[in-house]
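Reader: Before I rely on any label attached to this model, I would like to hear the reasoning behind it. Could you take the labels in turn and set each one against its rule?

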Amino acid sequence: MKIAILETGHPPKRLAGRFPSYGRMTADLVGGGHDYRLIDVQAEGLPEDPAAFDGYMITGSPAGVYDPDPWIADLLGFLRGLDPRQKLVGICFGHQALAQAFGGHVEKSDRGWGLGLHSYTVAERLPFMDEAERIAVPVSHQDQVVSLPPAARVIAGSAFTPYGALAYSDRAALSFQCHPEFAPDYARALTDGHPAAEQDPDFVRLALISLEAPHDSQRVGGWIRRFLAED
């Protein structure tokens, strides 16, 4: 498949040069067999011909989908205009962008920051998934989907993040609030020194401890691979 990875953000400046871009992390998670093009949405804009790619993956970002930046409105409009048969995969901000574009609602959660390793319970097992009943994957988010798009259904979630993973019945779309593309060393580096530590150092300390536990990022990567391979 020819896949455009829409990079909507970058690792923070304090980690600059130490880790790959979010687009490269995403491509590495899904693996070979695809023709990837990484597109920095803020610097390059969106593809002039949406049909030039078989699918799109949207990365994480420090931005909020409700922010007034023109590139965000352009991205949401671009997603709405895609052929429903084109594969879509959203991660964190990408998860929220798909929900916002297709009739859901995203806002800053009153639950506060999600950091560290979070566990989601599988609510519905789709053909590209395996037998897992729970998945544990790194998270780093303050915003959440709080209202589902009409055609979305929850395939995994938690008490903290009820709409943790979504699939859509009216288009070939799949999204995750968590970050399966974050390797353990990056997840720890991002969490260590997180701004949330200014208000609650113990919260960040416990988040770092949680990241030492086994995780299911590669399992979720397998789900995405099989989803992209489905007819």
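Author: What follows goes through rings, charges, cysteines and empty spaces in turn; the model is a predicted one.

Reader: How many aromatic pairs does the structure hold, and why is the pair of Phe 53 and Tyr 56 called edge-to-face?

Author: The structure holds ten aromatic pairs. In the case of Phe 53 and Tyr 56, the ring centres are 5.6 Å apart and the planes stand at 65 degrees; since rings pair if their centres lie within 6.5 Å, and planes over 60 degrees apart count as edge-to-face, the pair is edge-to-face. Phe 182 and Tyr 186 also form an edge-to-face pair, with 4.8 Å from centre to centre and 75 degrees between the planes.

Reader: Are Phe 182 and Tyr 186 buried or exposed, and how do you know?

Author: Buried means under 20% relative accessible area. Phe 182 has a relative accessibility of 4% and therefore counts as buried, and Tyr 186, at 1%, therefore counts as buried too. Ring pairs also link Phe 182 and Tyr 186 with Phe 19 and Tyr 22 into a cluster. As for the pair described before, Phe 53 and Tyr 56 are both buried.

Reader: Which charged end sits over the ring of Phe 53, and what makes that description apply?

Author: The charged end of Lys 2 sits over the ring of Phe 53, at 5.3 Å from the ring centre, and the distance part of the rule asks for a position within 6 Å. In a further case, the charged end of Lys 87 sits over the ring of Phe 227, 4.8 Å from its centre.

Reader: Why are Cys 92 and Cys 178 not called a disulfide?

Author: A disulfide needs two cysteine sulfur atoms within 2.5 Å. The cysteine sulfur closest to that of Cys 92 belongs to Cys 178 and is 8.7 Å away, which is too far for a bond. Seen from Cys 178, the closest cysteine sulfur is that of Cys 92, so the conclusion is again that 8.7 Å is too far for a bond. The count by this rule comes to zero disulfides.

Reader: What makes Cys 92 count as buried, and where is its place?

Author: Cys 92 has a relative accessible area of 4% and is therefore buried, while Cys 178, at 0% relative accessibility, counts as buried as well. The place of Cys 92 is in the loop between strand 4 (87-91) and helix 4. Its phi is near 55 degrees, a positive value in a residue other than glycine. Most residues other than glycine have a negative phi.

Reader: Which residues line the largest cavity, and what makes this space a cavity and not a pocket?

Author: A cavity is a set of points where a 1.4 Å probe fits but cannot get out, whereas a pocket is an open set. The search of the whole structure finds one cavity of 30 Å³ or more, and the largest cavity has a volume of about 50 Å³. The largest cavity is lined by Leu 117, Pro 138, Phe 182, Ala 183, Pro 184, Ala 187, Leu 211, Ala 213 and His 215. By class, this lining has eight nonpolar residues, one polar and no charged.

Reader: How many residues line the largest pocket, and which lie nearest its centre?

Author: The largest pocket, with a volume of about 490 Å³, is lined by 26 residues, and Ser 61, Pro 62, Ala 63, Trp 113 and Ser 140 lie nearest its centre. Helix 4 (93-101) and strand 7 (134-141) each supply at least two residues of this lining, which by class has twelve nonpolar, ten polar and four charged residues.

Technical notes
Residues numbered from 1 in each chain as written. Predicted model: local features only at pLDDT ≥ 70, side-chain atom pairs only at ≥ 80, totals over all residues. Heavy atoms only, no water. Phe/Tyr/Trp six-rings, centres within 6.5 Å; stacked < 30°, edge-to-face > 60°. Buried < 20%, exposed > 50% of the residue type's maximum accessible area, 1.4 Å probe, protein only. Lys NZ or Arg CZ within 6 Å of the ring centre and 35° of its normal. 1 Å grid on protein atoms, 1.4 Å probe; cavity = no way out; pocket = protein on both sides within 12 Å on 5 of 7 lines; lining within 4 Å. Points joined across faces, edges and corners; volume = space filled by probe spheres on them. Helix = DSSP H or I, 4+ residues; strand = E, 2+ residues; numbered from the N terminus. Nonpolar A, V, L, I, M, F, W, Y, C, P; charged D, E, K, R; others polar.
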